[in-house]
Amino acid sequence: MDDQYLDAFIHEAQEEITKLNNSLLDLESDPNDQAAMDQIFRTAHTLKGNFGAMGFESAANLAHAMEDLLDEMRGGDLAVTAGVMDLVFEGVDEIEAIVNEIEDEGEATLDTSETVAALRAVLEEGAAAADAGGAPADDGGSEGGTGDAGDGTDGAALVGDLDLGPEDVEDKLVHAAVDVGDTDMPGVDAMFAMEAVEEVFDILAAHPTREEIEDGAYEGTFSLFLDAADLARVDAELDGVGKIASTTVTDVTGALGSGEGTADGDDEHAVDEIKSVRVDVDQLDDLHGLVEQLVTSRIKLRRAVEQRDLDSAEETLSELDKITANLQNTVMDMRLIPLKKVVGKFPRLVRDLSRDLGKEVEFTIEGEDIELDRTILTEISDPLMHILRNSLDHGIEPPAEREAAGKPRTGEVTLAASRERDHVIIEVADDGAGLDVEAITDQAIEQGVRSPDELETMDDSAIYDLVFHPGFSTADEVTDTSGRGVGMDVVHDTVTQLDGSVNVESTPGEGTTVSLRLPVTMAIVKVLFVQVGEEEYGIPIKNVDEITRTEEIKLVNGREVIKHNDEIYPVIQLGDAFDVPGDTLTNGDGMLVRIRESERQIALRCDAVNAQEEVVVKPLEGILSGTPGLSGTAVLGDGNIVHILDVVTL
């Protein structure tokens, strides 16, 4: 199959799946939403046609069954119930798993027959079939055995008795409760069944022990713990084993007791790396025109050098400056992608997680058309997911608790994006319980993050920032959702590496807002080079408002300040801020670089202002990551490395 067509099919399918999920959420919240119903039907029809055209019959059959069920719902012949919606969502998840398999392997092997049968059963028997449990096996729909290990809860409880850790599992830890049916030789049949399972999956453990099972020392069912990536495939493979009468398959990775064991958490709703972008034809035309100019200028420059015509060479270099600047801007614009490419999957994440937590949540997205560089957008997907999960788990209270506090039963979570010049602000706000300053300070003391004396001098905002410390958590218990202190430190580290910043504001009883401030692009930056002693630093031109002499400096309460438009700007001595060795301010009183008020109301004092130049800024990594006052480094044409200042944290 032509890779070009396969890639186009995968990208379109991923977009249609996101669209289908969000339309289903709209319908679930309002069963009378005819526009959502029509959109769902069209999307399912498109998926069915695309799968069929590409030869993926199993997926096409599943999409066809969903289309038929949705058509019944659209015509009013089938009620929109919770059971029906759960079944449809499970079908969407299976379709998404097939698309991911096609992307990774180039083919689809997932057996969809059981899900198709469940959908057809609802069509024949009505919504009651779905509400009664006609769902696929991984939701307990298969007929399992009658032993103690016959359900996911007991299977998860058994994990603690096994000699298994996260390092022993490559994909997911899957529990299979196996029933070999009525037999005169339970041990022999069980042995043959396990040998057949081993041909496909790694059996990590068994309960009772394998020897006991082969001796027939079990009642009704026995448990196998497998290493597998796909529950549906496990169920299908075990269903095909002749010696097995029935199985119940559940994911028990979370019971391993590790932060990695969140199989129904982040991994289920992970946002894939953005591997393609849609480019406007006009941008392609502009790019083509600039390349033509570039080729022409290259020829002119070569001739000027060969003829030693310096005037012509200088003129051509000026042309090249303009062409490369336009080329840079065009390419950067082509890399910009709307935020909805990442946040489009979040409504489904919120829906599933709120149901798991037993909470009622209304989720709103604002500013999803705001554009960011492809690299930045890919990197912030996980941090945003961590923040949302924390808002739902720690922020929003259970309905009964909210009512007792005089709040509506349904909590509100909002993800809002806005553009501020060269930065994008993304805020995740909830109207939950807010952060408990006392609990944070107690935990900080207990973990040795800060001393009691240090905490006494910190305001609430600084105390809230402690939640970004690695391993920090105030959760009373560890759950599959959160509580291990893993996540918020990842948020801080990722945003900092992207030359951004993160801030937390909270009001007890009213809610919490986490704000991410990110650059629009990770591109070439124009900087102003300043001299401090024998060292040189770069200040992004976008942050600079004015360069002046130092005559206006005054002392107020022992601190140097300047006045501009009736506003006071504190003066920061760069030599002191970075402990520059040797003599500084060797050029008289030096120069002042006043920073734009929108960034930070300060003025930077240096020895001299040297020049302006465009550089590629590389973020600081390793132990230098997050160094206050520095956003990264740049390598100059002569090989020297210059530190680029971050005026916000200086």
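Reader: Hello! In what order do the five strands of the open sheet lie?

Author: Happy to help, and do keep in mind that this is a predicted model. The sheet is open and its pairing is mixed. Its edge strands, each pairing on one side only, are β6 (361–366) and β10 (501–507). Reading across the five strands, the order is β6-β8-β9-β11-β10.

Reader: By what angle are neighbouring strands of this sheet turned against each other on average?

Author: The angle is an average over neighbouring strands of the sheet, with direction ignored. Its value is 10°.

Reader: How many bridges join β8 to β9, and which residue stands opposite Arg-419?

Author: Strand β8 covers residues 411–420 and strand β9 covers residues 423–430. The two run antiparallel, and the number of bridges joining them is eight. Opposite Arg-419, in β9, stands Val-424.

Reader: Which helix lies across β6 and β8?

Author: Look at residues 346–357. That helix runs at about 165° to β6, and its name is α14.

Reader: Now for confidence: where is the pLDDT below 50?

Author: The chain averages a pLDDT of 80, and 86% of the residues score at least 70. One stretch below 50 is residues 133–153, with 48 contacts in the model beyond near neighbours in sequence. Another stretch has 19 contacts beyond four places in sequence, and pLDDT stays under 50 there too: residues 258–267.

Reader: And what share of the protein chain's residues count as buried?

Author: The chain has 21 helices and 23 strands. It exposes about 32200 Å², with carbon and sulfur atoms supplying 44% of that area. Of its 650 residues, the share that counts as buried is 45%.

How values were computed: Residues numbered from 1 in each chain as written. Predicted model: local features only at pLDDT ≥ 70, side-chain atom pairs only at ≥ 80, totals over all residues. Heavy atoms only, no water. Pairing = 2+ DSSP bridges. Helix = DSSP H or I, 4+ residues; strand = E, 2+ residues; numbered from the N terminus. Axes fitted to C-alpha atoms, helices over the stretch in contact; angles between N-to-C directions. Contact = heavy atoms within 4.5 Å. pLDDT = per-residue confidence, 0-100. Buried < 20%, exposed > 50% of the residue type's maximum accessible area, 1.4 Å probe, protein only. Areas by Shrake-Rupley, 256 points an atom, 1.4 Å probe, with all protein chains shown as cover.
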